[in-house]
Amino acid sequence: MRATKFEFEYRFWIISGIYLIGFGLTAFDHTGFIAALRQLIAPAMSAGSPQALMFGRITIAAGAALVFLAAALRTWAAAYLRTDVVHDTAQHSEALIAEGPFRHTRNPLYLGNLLMAAGIGVLASRLGFIFLVLANWVFVYRLILREEEALQQNQGESYRAYCQAVPRFWPWLRPRVPSANRSPRWGQAFAGETFVWIFALAELSIAITLRARVGGVVFLVAFLAYFIPVRLVKKRRERSETRATNH
């Protein structure tokens, strides 16, 4: 079930495709997730009423809160793992990071991905929400299996001990391994995860205005912002390769 090398290298585009399909399912399921949730919780609430609009705002704001949580978790992880590793198309297994959120869960970045899918998914249809959550879960799980195999090969017994102490996905509230007092690098972490923070702001803007067009513009900005850290990673790798060649 582990992901292939192709899937890992193009994981951003595959995840983007999952979101495209998820929201495209509106063509087959015309009932939005928010409307279905409202009918389930408060069936007497009529569509278009002030109460229904407030329900929509609260639901979207709750989704935005999940995306903000995802952004915070991913930024916390990137502060220790480094942005040039997080967004690199090449797989890195030469070091074992057991600091920050990695003391609570082995895969905080992928957990953030799932929280983001659930948060943004409230804007989709019923089928779209289910597809986004399940498809993202299956894909990140396969990515996890690929990374675990590489870490086991390169880190050996230390990684097996880490796996026994720290859960694979769902985190423990208390850290499971002692801190190594490694200093986080917050500046590069926030820069690398800017696009997730903008996703959260985009959904919050929809909750406030109830105008999908406003949020859509901000979502587009967030999508484009992703390529900033990717470009920086590529330039850093090129400089490293040039130095290695010169030496």
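**Salt bridges, helices and surface in a predicted model**

Arg142 is buried, and Glu7 is buried too. The model described here is predicted. The side chains of Arg142 and Glu7 form a salt bridge, with N and O 2.5 Å apart. Arg142 belongs to helix α7 (residues 126-155) and Glu7 to helix α1, so this pair ties together parts that lie 135 residues apart in sequence.

A second salt bridge joins the side chains of Arg126 and Asp29, at 2.7 Å from N to O. This pair also links distant parts of the chain. Arg126 sits in helix α7, while Asp29 sits in the loop between α2 (11-24) and α3, 97 residues apart. The two partners differ in exposure. Arg126 has a relative accessible area of 39%, so it counts as partly exposed. Asp29 has a relative accessible area of 4%, so it counts as buried.

A third salt bridge pairs Arg74 with Glu193, and their closest N and O atoms are 2.7 Å apart. Arg74 is in helix α4, and Glu193 is in the loop between α9 and α10 (194-209). These two residues are 119 residues apart, and the pair links distant parts of the chain. Both Arg74 and Glu193 are buried. Elsewhere, Arg106, Glu148 and Arg168 are joined into one network by salt bridges that share partners. The count of salt bridges comes to 8.

Side chains of opposite charge can pair when their charged atoms come close. Arg38 shows a contrasting case. Arg38 lies in helix α3 (residues 33-41). Arg38 is buried, yet it has no salt bridge. The nearest side chain of opposite charge belongs to Asp29, 13 Å away. A salt bridge requires nitrogen and oxygen within 4 Å. Beyond residues up to four places away in sequence, Arg38 touches Pro43, Met45, Ala47, Ala52 and Phe55.

Helix α4 spans residues 50-81 and has 32 residues. From its first C-alpha to its last, helix α4 reaches 46 Å. That is close to the 46 Å expected at 1.5 Å a residue. Just after α4, Arg82 takes a positive phi of about 85°. Thr59 lies within helix α4. Thr59 has a relative accessible area of 9%; because buried means under 20%, Thr59 counts as buried. Setting aside neighbours within four places in sequence, Thr59 is in contact with Ile34, Leu37 and Val122.

Other residues lie at the surface. Phe6 is in helix α1 (residues 5-9). The relative accessibility of Phe6 is 53%, so Phe6 counts as exposed. Phe6, Tyr10 and Trp13 make a nonpolar surface patch of about 370 Å². Ala180 is found in the loop between α8 (157-165) and α9 (186-192). Its relative accessible area is 63%, so Ala180 counts as exposed. Ala180 and Ala98 are 82 residues apart in sequence. In space, their C-alpha atoms are 7.8 Å apart.

In summary, the salt bridges of Arg126 with Asp29 and of Arg74 with Glu193 link distant parts of the chain. Arg38 is buried without a salt bridge, whereas Arg142 and Glu7 are buried and meet in one.

Definitions and conventions
Residues numbered from 1 in each chain as written. Predicted model: local features only at pLDDT ≥ 70, side-chain atom pairs only at ≥ 80, totals over all residues. Heavy atoms only, no water. Patch = residues over 30% accessible without salt bridge, like charges linked within 9 Å, V, L, I, M, F, W, Y side chains within 5 Å. Areas by Shrake-Rupley, 256 points an atom, 1.4 Å probe, with all protein chains shown as cover. Helix = DSSP H or I, 4+ residues; strand = E, 2+ residues; numbered from the N terminus. Buried < 20%, exposed > 50% of the residue type's maximum accessible area, 1.4 Å probe, protein only. Expected span 1.5 Å × (residues − 1). Lys, Arg positive; Asp, Glu negative; His and termini not counted. Contact = heavy atoms within 4.5 Å.
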